[in-house]
Amino acid sequence: MTFLRRSLPSMNGLFTFEAAARCGSFSRAADELNVTPAAVSRMMSRLEEHLDTTLFLRQPGGVTLTEPGQLLFDAIARGFAGIESALREIEDRRTGIETVSLSVSTGFTTHWMMPKMAEFKKEFPNVDLRFQLVMGALSGPVNDVDLGMRFVDGPDKHHEAAFVMPEILLPICSPGYSESHAISGNDIDRVPDTTINLSDAQPDWSKLFTPASGSDPQNSMIFSDYAIVVQAALLGQGVALGWLNVIAHWLRKRALVPANDQLMITGRRCHLIRLRAKPVRPIVAHVKEWMISELQADVEAVSALYPSLNIRRVGSDDAAISRELR
């Protein structure tokens, strides 16, 4: 510790450096720290002068770390994660309540997590969930949460990854819409009169609504939030495309049904990921295992309800690939 105190001008320099490196911008770091960009720049210049090395490459669009800068950032990130974990455990012991933070989509939270909250609280009566909601594409860092749901190939240098399921999409609608519009599982060439779309959706699902006949749906609704897309389908407004990891619960409960037997298999894989630098808390591992078990049970039930979809084969093949990646 004597060397550390001698090597650093101040602890504020460490906090400022961590924010600037994580944000990739002195301006964004300044907003987070409630100071001016000039103050961040001056502090980083003093730190570099004190260490006699360049930590950042200054560019018009922001800053990137040099090799020494990356070395320092990785060490600080590990240290801060350990301190945060210790503080959280102290708070948990004081209150008797453990907290687990999740970075997940609004659609997953609304249409999978919320319907299962009673089951979750029964299993984990002393756990509070905190959500970092992602409205757009399911991406972004998981620095500030315990677990994040992401479509990634598997673990990497900085992240552990627990495989959940392959990315599978299928057209869905309410049972009432299916009956009133004479949609059947084998009728893949029938065009729905109304489609419910997600703006800037990735992957592009438009081809699933354009059969060989080449005709197009008469009407469409477009939303920027996938949670609303699924809600509109539940209310019988038309046919939408369902991400299986989001709508498996509603398919299992028959609140939604497949509009036809087409599946889109993207090749991407859904994982629950966490930073390796964060100390492992047993409760986080237990919540992760519960989520994966519940999701896989939903998929198994959907596969049994709709064998023509052949979901079980897709899932088992992809699980084998995921095991090889580990």
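This text walks through a predicted model of one protein chain, from the whole fold down to single residues.

Some ground rules come first. Residues are numbered from 1 along each chain as its sequence is written, and side-chain values use heavy atoms, with hydrogens and water left out. Local features need a pLDDT of at least 70, side-chain atom pairs count only at pLDDT 80 or more, and totals for chains, interfaces and linings use all residues.

Begin with the whole chain. The secondary structure comes to 12 helices and 11 strands. Helices (H or I, at least four residues) and strands (E, at least two) are DSSP runs, numbered from the N terminus. The chain has 326 residues, and 46% of them are buried. Buried means under 20% relative accessible area, exposed means over 50%, and partly exposed lies in between (1.4 Å probe, protein chains only). The accessible surface comes to about 16,600 Å². Carbon and sulfur atoms hold 53% of that surface. These areas come from the Shrake-Rupley method with a 1.4 Å probe; for residues, only the protein chains shown count as cover.

Now look at contacts, meaning heavy atoms within 4.5 Å. Take those in the chain with a separation of 6 or more: 76% of them join residues 24 or more positions apart.

How far can the model be trusted? The guide is pLDDT, the predictor's confidence in each residue, from 0 to 100. The chain averages 83, and 83% of the residues score at least 70. Over residues 185-189, pLDDT stays under 50, and the model has 12 contacts beyond four places in sequence for this stretch. Residues 319-326 are also below 50; they have nine contacts in the model beyond near neighbours in sequence. Where pLDDT is low, the predicted coordinates should not be read in detail.

Next, find helix H3 (residues 26-33) and helix H4. Their axes are 8 Å apart, and the helices pack at an angle of about 110°. That makes H3 roughly perpendicular to H4. Axes are lines fitted to C-alpha atoms, for helices over the stretch in contact, and angles run from 0 to 180 degrees between N-to-C directions. Angles under 35 degrees count as roughly parallel, over 145 as roughly antiparallel, 65 to 115 as roughly perpendicular and the rest as oblique. Phe 26, Ser 27 and Ala 30 of H3 meet Pro 37, Val 40, Ser 41 and Met 44 of H4. By class, this contact has five nonpolar, two polar and no charged residues. Here Ala, Val, Leu, Ile, Met, Phe, Trp, Tyr, Cys and Pro count as nonpolar, Asp, Glu, Lys and Arg as charged, and the others, Gly among them, as polar.

Stay with Ser 27 for a moment. At a relative accessible area of 39%, Ser 27 is partly exposed. Ser 41 is 14 residues away in sequence, and the C-alpha atoms of the two are 9.1 Å apart.

Follow H4 to its end. Asp 52 sits in the loop between helix H4 (37-51) and strand S1 (56-59). Asp 52 has a positive phi of about 55°, although it is not a glycine. Its relative accessible area is 72%, so Asp 52 is exposed.

Move on to H6 and helix H9 (residues 226-234). Their axes come within 7 Å and cross at roughly 40°. The two helices are therefore oblique to each other. Thr 106, Gly 107, Thr 110 and His 111 in H6 meet a set of H9 residues, including Tyr 226, Val 230 and Leu 234. This contact has four nonpolar, five polar and no charged residues. H6 is mostly covered, with seven of its eight residues buried. Among them are Phe 108, Trp 112 and Met 113.

Just beyond lies Lys 116, in the loop between helix H6 (106-113) and helix H7 (117-123). Is Lys 116 buried or exposed? Its relative accessibility is 2%, so Lys 116 counts as buried. Leaving out residues up to four places away in sequence, Lys 116 touches His 249, Trp 290, Glu 294 and Asp 298. Lys 116 and His 249 are 133 residues apart in sequence, yet 8.8 Å apart in space, C-alpha to C-alpha.

His 249 leads to H10. Eight of the nine residues of H10 are buried. His 249 is one of them, along with Trp 250 and Leu 251. After H10, Arg 254 lies in the loop between helix H10 (244-252) and strand S10 (257-258). Arg 254 is not a glycine, yet its phi is positive, about 65°. With a relative accessible area of 48%, Arg 254 is partly exposed.
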